[in-house]
Amino acid sequence: MAIRKILHLDLDAFFCCVEEQRDPSLRGQPFAVGGRPDQRGVVASCSYAARQFGIHSAMPMVQAVRRCPDLIIVRHDRAAYSAASHKVMQRLHTLTPLVEQLSIDEAFLDVSLLPGPAERIARDLQGTINEELNLPCSLGVATNKLVAKIANTIGKGRVRSGQPPNAITVVPPGEEAAFLAPLPVSELWGVGPKTEEALARLGIRTIADLARWPADDLAQRFGKNGESLARHARGIDERPVEPEQDTKSISRETTFTRDIDDGEALRRVLRRLADGVGWQARRDRLAGTTIKLKLRWADFTTLTRQVTLDHPTNQDDEIYTQAEQLFTQHWPRGRAVRLIGVSLSGFEDPHQQLGLWDDPHAHEQKRRLQATLDDLRERFGEGTIKRGSDLDGEDD
């Protein structure tokens, strides 16, 4: 059996590097991309200079500012990051069709059919992204996805220069188990805090400890996850790189800077979120039958309600109408809302059939208008189009 060559690519501090391209004065400065500290903002990404202060993603921005009073805060720009990510993924697909994109800044590649050592392929790819797109990236190189991913994580963590690591970490064939052995079990997929505690009670703290433990006992204690843990601890992972992952749902949500109890203001935000879900669905050539509303109250409890249609849709108006009906049914008038969201799932064939009493002319007019608006969003960004109701004031 031929030895596989698997790469795991991760763009270093991706949002921050895109922002440095747009504003070179940020280079070398401690800054974070995210929301304002006085508006419940969190850190979406932070520069490596900021990380020297112990700042990390998902940290409340108010805490980040306490750690670094001179921290520069940059507002998140989804459209700019999506455009940069698209350029990176184009380069990956030029190299191999076997690309599994995990997120906006992360992907697996199977380069087994390409000539030459995997490390050289990784260095060439890194050079292309560095030089053509001016973006740093790190890669893990191994014979499977599990080890490539962990190698990249460990390699990036070894660089503490205050600059993006731009690292390449290679685990040669046959050395998978030896590479994993000294690492804590928490590095393995499927080992969350509860599993880590359960393993620690057995005296299992490193991956080497786990590899020595009888596989049948792990299966008995942890079920299917125990079987996976036994294989993974030995560096075994047969999963293929999957070029296309089915989208399970498309969602948009907003957390307010202050809780809102105004029904009309909440409906305006819901309208904007529904428009965003519809636009994304049409971009991805998807249509769904299930529309879900999400509401989080001031005490952090969350309510979700959904409706399933008898036909798939990706139209803004229909998504909003269904979400608004759920909102009207389940929002206690005057109750303060901290977060509101809408999602679309249950994807089917997007070709919608006209009902018996639908006006074909009106339907075609609506379709053309939607296509025009989508084209403007595609060319100038998602926030280009605003409805009249949005001009009444900012809701979030």
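**Notebook: sheets, helices and cysteines**

I began with a single bridge: Gly288 has Phe347 as its bridge partner in strand 12. I note at once that the model I am reading is a predicted one.

**Entry 1. The sheet around strand 12.** I then followed the two strands that run antiparallel here, strand 10 (residues 287-297) and strand 12 (residues 337-348), and found them joined by 10 bridges. I looked up the sheet in which they lie; it is open, has four strands in the order 9-12-10-11, and is paired in the antiparallel sense. I asked which strands stand at the edges. They are strand 9 (249-260) and strand 11 (302-313); each has a single partner strand, so one side of each is left without a neighbour in the sheet. For the twist from one strand to the next, I recorded an average of 10°.

**Entry 2. Helices on this sheet.** I looked for helices in contact with these strands. Helix 12 (residues 263-283) lies across strand 9, strand 10 and strand 12, and it runs at about 155° to strand 9. Helix 13 (residues 316-330) also packs on the sheet, where it touches strand 10, strand 11 and strand 12. The direction of helix 13 makes about 145° with that of strand 11.

**Entry 3. A sheet of three strands.** I turned to another part of the chain. Here I found an open sheet with the strand order 3-2-4 and mixed pairing. Its edge strands are strand 3 (43-46) and strand 4 (72-74), each of which pairs on one side only. Between neighbouring strands of this sheet I noted an average turn of 30°, direction ignored. Strand 2 (residues 31-34) pairs with strand 4 in the parallel sense, over three bridges. I looked up the partner of Phe31 in strand 4 and found Ile72. Helix 1 (residues 14-22) lies across strand 2, strand 3 and strand 4, at about 105° to strand 2.

**Entry 4. The cysteines of helix 1.** I searched for disulfides and found zero in the structure. Why does Cys16 form no bond with Cys46? The sulfur of Cys46 is the closest cysteine sulfur to that of Cys16, but it lies 6.1 Å away, which is too far for a bond; the cut-off for a disulfide is 2.5 Å. Cys17 is likewise in no disulfide, and its nearest cysteine sulfur, that of Cys16, is 6.9 Å away. I then asked whether Cys16 is buried or exposed. Cys16 is buried, with a relative accessible area of 1%. Cys17 counts as buried because its relative accessibility is 6%, and the class requires a value under 20%.

**Entry 5. A pair of helices.** I examined helix 4 (residues 78-95) and helix 5 (residues 118-133), whose axes come within 11 Å and cross at roughly 145°. Their crossing is right-handed. I listed the residues that make the contact: helix 4 supplies Lys87, Val88, Arg91, Leu92 and Leu95, and helix 5 supplies Ile121, Leu125, Thr128, Ile129, Glu132 and Leu133. Sorted by kind, the residues of this contact are seven nonpolar, one polar and three charged.

**Entry 6. The chain as a whole.** Lastly, I recorded the totals. The chain has 14 helices and 12 strands. It has 396 residues, of which 44% count as buried. Of the contacts between residues at least 6 apart in sequence, 69% join residues at least 24 apart.

Definitions and conventions: Residues are numbered from 1 along each chain as its sequence is written. This is a predicted model: local features need pLDDT of at least 70, side-chain atom pairs count only at pLDDT 80 or more; totals for chains, interfaces and linings use all residues. Side-chain values use heavy atoms; hydrogens and water are left out. Two strands pair if DSSP finds at least two bridges between them. Axes are lines fitted to C-alpha atoms, for helices over the stretch in contact, and angles run from 0 to 180 degrees between N-to-C directions. Contact means heavy atoms within 4.5 Å. A crossing is left-handed if the near helix is turned anticlockwise from the far one by less than a right angle, and right-handed if clockwise. Ala, Val, Leu, Ile, Met, Phe, Trp, Tyr, Cys and Pro count as nonpolar, Asp, Glu, Lys and Arg as charged, and the others, Gly among them, as polar. Buried means under 20% relative accessible area, exposed over 50%, partly exposed in between (1.4 Å probe, protein chains only).
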